[in-house]
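Subject: Structure handover

Hello,

Here is the structure I promised to pass on. Please open it first, then read the notes below.

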Amino acid sequence: MAMKAAMFEAPVGDDVFGEDPTVNALEEKIAQLFGMEAGIFCPSGTMTNQIAIRLHTRPQTEVICHQYSHIYLYEGGGIMSNSLASVKLLSGDLGKITAAQVAESINPDDVHAPETTLVSLENTMNKGGGSIYKLDEIKPIHDLCREKGIKLHLDGARLFNALVESGESPSEWGAHFDTISICLSKGLGCPVGSVLLGTKEAIKRAKKIRKVFGGGMRQAGILAAAGIYALDHHVERLKEDHAKAREIERMRPIRLEDLIGQAHLSSPNSFLFKAIKSGNVPSLILWGPPGVGKTTIANIIANEIKAPFYTLSAVSAGVKDIREVIDKAKFQMGVVLFIDEIHRFNKSQQDALLALWRKA
Ligand SMILES: Cc1ncc(COP(=O)(O)O)c(C=O)c1O
């Protein structure tokens with residue numbers, strides 16, 4: 001209700017002409033918070049990201065990002081269609097990439113290769129399970145980009161979630177990026193809105209890009225007021241969300257399928273193999289219905305990652321065997337744990353498996 005009241009009472013003007021006092025106040029407030037020169041209010045996080053990509057690329061240039069980035073997976077091919085740019089996708093633990101990977105991926109100055117002009121990171125990393133970058137992981141990427149003259153963008157749709165968790169300050173983050181996109185409509189609870197932050201010069205150009213993307217809004221202060229309210233009242237409350245999320249995680253009964261469903265092999269997929277090849281799978285459990293080639297695949301995978309291969313079979317495993325195998329699997333890196341005939345596991349075998357998995 002309080003947010004709605006703030007929206008209702010907001011003074012408004014025409015933001016296409018820069019004359020909406022509430023939009024201006026929101027843009028200034030958030031830019032100041034991050035120690036950045038200017039901001040531009042847009043209808044969505046997709047738009048702020050896509051504007052940033054347009055700002056930092058030209059046709060025939062290339063963006064480096066994680067293969068699970070929102071900008072690549074969920075923005076409708078906008079990198080290509082809005083900016084005519086190419087993209088180089090990196091793999092990496094929990095959706096995160098490192099400076100060493102970026103260094104290897106910057107294209108040489110060669111007529112055959114698109115010029116690398118932008119690295120884009122995401123924090124929190126949505127598809128990485130909400131994983132968080134800390135500043136000490138960002139600094140080397142920032143330094144490398146500076147040295148190479150490459151721009152660094154942050155899709156910070158949920159950046160405040162990361163900051164309340166890490167305790168790092170917005171201004172420290174602002175100092176490490178050329179542009180940051182912050183969403184107001186996610187954990188902060190606004191109905192609409194995202195702000196792109198950058199230099200005055202970049203945001204001036206961003207206004208022209210927003211216009212052609214159809215994102216120029218008129219009396220948008222009514223929406224920006226929600227953003228101001230959220231910055232004043234909802235940032236700290238993200239901690240409550242995190243506590244609740246942890247609570248839900250604890251309460252959720254773990255089903256066997258949850259532990260191992262990720263590697264369900266009724267349709268073996270290339271993602272699994274790619275993940276394994278890049279060494280991103282510390283341990284792996286395979287299960288599936290009969291006749292899909294699990295045993296063969298489990299063996300191939302074990303070979304590929306040169307990992308120990310443990311197998312549990314419902315037909316033969318007693319609780320003691322289960323304990324032994326799970327203990328080994330949990331404490332070793334790069335293990336293929338193959339659970340066979342899972343549908344035949346009786347209740348006590350299942351309980352033993354789950355209890356041991358949870359405990360470890
Ligand atoms: C990481 C990330 N970036 C950008 C967006 C896009 O935001 P919007 O839905 O406002 O376009 C989302 C949406 O969920 C997201 O998760």
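Start with Q60. It counts as exposed, because just 12 C-beta neighbours fall inside 10 Å, and the cut-off for exposed is 12 or fewer. Q60 sits in the loop between α3 and β2. Its phi is positive, about 75 degrees, although Q60 is not a glycine. Most residues other than glycine have a negative phi. Keep in mind that this is a predicted model.

L84 is another such case. L84 is not a glycine, yet its phi is positive at about 55 degrees. Look for L84 in the loop between α5 (78–83) and β3. L84 is partly exposed, because 13 other C-beta atoms lie within 10 Å.

One peptide bond also deserves a look. N123 and T124 are joined by a cis peptide bond, with omega about -5 degrees. T124 belongs to the loop between β4 and α7 (135–148).

Now the overall picture. The chain has 360 residues, and 41% of them count as buried. Its secondary structure comes to 17 helices and ten strands. Take the contacts between residues at least 6 apart in sequence: 75% of them join residues at least 24 apart.

The sheet

How are the seven strands of the open sheet ordered? The order is β1-β7-β6-β5-β4-β2-β3, and the pairing is mixed. The edge strands are β1 (38–42) and β3 (86–90), each of which pairs on one side only. On average, neighbouring strands of this sheet are turned by 20 degrees against each other, direction ignored.

Zoom in on one pair. Strand β2 (residues 61–66) and strand β4 (residues 115–122) run parallel, joined by four bridges. I64 has V119 in β4 as its bridge partner.

The β9 and β10 pair

Strand β9 (residues 309–313) and strand β10 (residues 335–340) also run parallel, with five bridges between them. In a regular strand the side chains alternate between the two faces of the sheet. Strand β9 shows such alternation. Y310 and L312 point to one face and are buried. F309, T311 and S313 point to the other face and are not buried.

F309 stands opposite V336 in β10. Is V336 buried or exposed? V336 counts as buried, because it has 26 C-beta neighbours inside 10 Å, against a cut-off of 20 or more. V336 and A307 are 29 residues apart along the chain, but their C-alpha atoms are separated by 6.5 Å.

The ligand

Which residues surround the ligand? They are S44, G45, T46, N49, H70, E122, N126, D155, A157, C183, S185 and S194. By class, this shell has eight polar, two nonpolar and two charged residues. Helix α3 (residues 45–56) gives the largest share, three residues.

Helix packing

Two packed helices are described by the angle between their axes and the distance between the axes. Two pairs are worth a look.

The first topic is α3 with helix α10 (residues 200–212). Their axes come within 10 Å and cross at roughly 115 degrees. The crossing of α3 and α10 is right-handed. From α3, the residues M47, I51, R54 and L55 take part; they meet A202, R205, A206, I209 and R210 in α10. The residues of this contact divide into six nonpolar, no polar and three charged.

The next is helix α2 (residues 21–33) with helix α11 (residues 221–233). Here the axes come within 8 Å and cross at roughly 35 degrees. The crossing of α2 and α11 is left-handed. On the α2 side are P21, T22, V23, A25, L26, K29 and I30. They meet G221, A224, A225, G227, I228 and L231 in α11. By class, the residues of the contact of α2 with α11 are nine nonpolar, three polar and one charged.

One more helix

In helix α8 (residues 159–166), the buried residues include L159, F160, N161, A162 and L163. Just after α8 comes G167, with a positive phi of about 80 degrees.

Over to you.

Notes. Residues numbered from 1 in each chain as written. Predicted model: local features only at pLDDT ≥ 70, side-chain atom pairs only at ≥ 80, totals over all residues. Helix = DSSP H or I, 4+ residues; strand = E, 2+ residues; numbered from the N terminus. Contact = placed C-beta atoms within 7 Å. Pairing = 2+ DSSP bridges. Axes fitted to C-alpha atoms, helices over the stretch in contact; angles between N-to-C directions. Near = placed C-beta within 6 Å. Nonpolar A, V, L, I, M, F, W, Y, C, P; charged D, E, K, R; others polar. Left-handed = near helix turned anticlockwise from the far one by under 90°.
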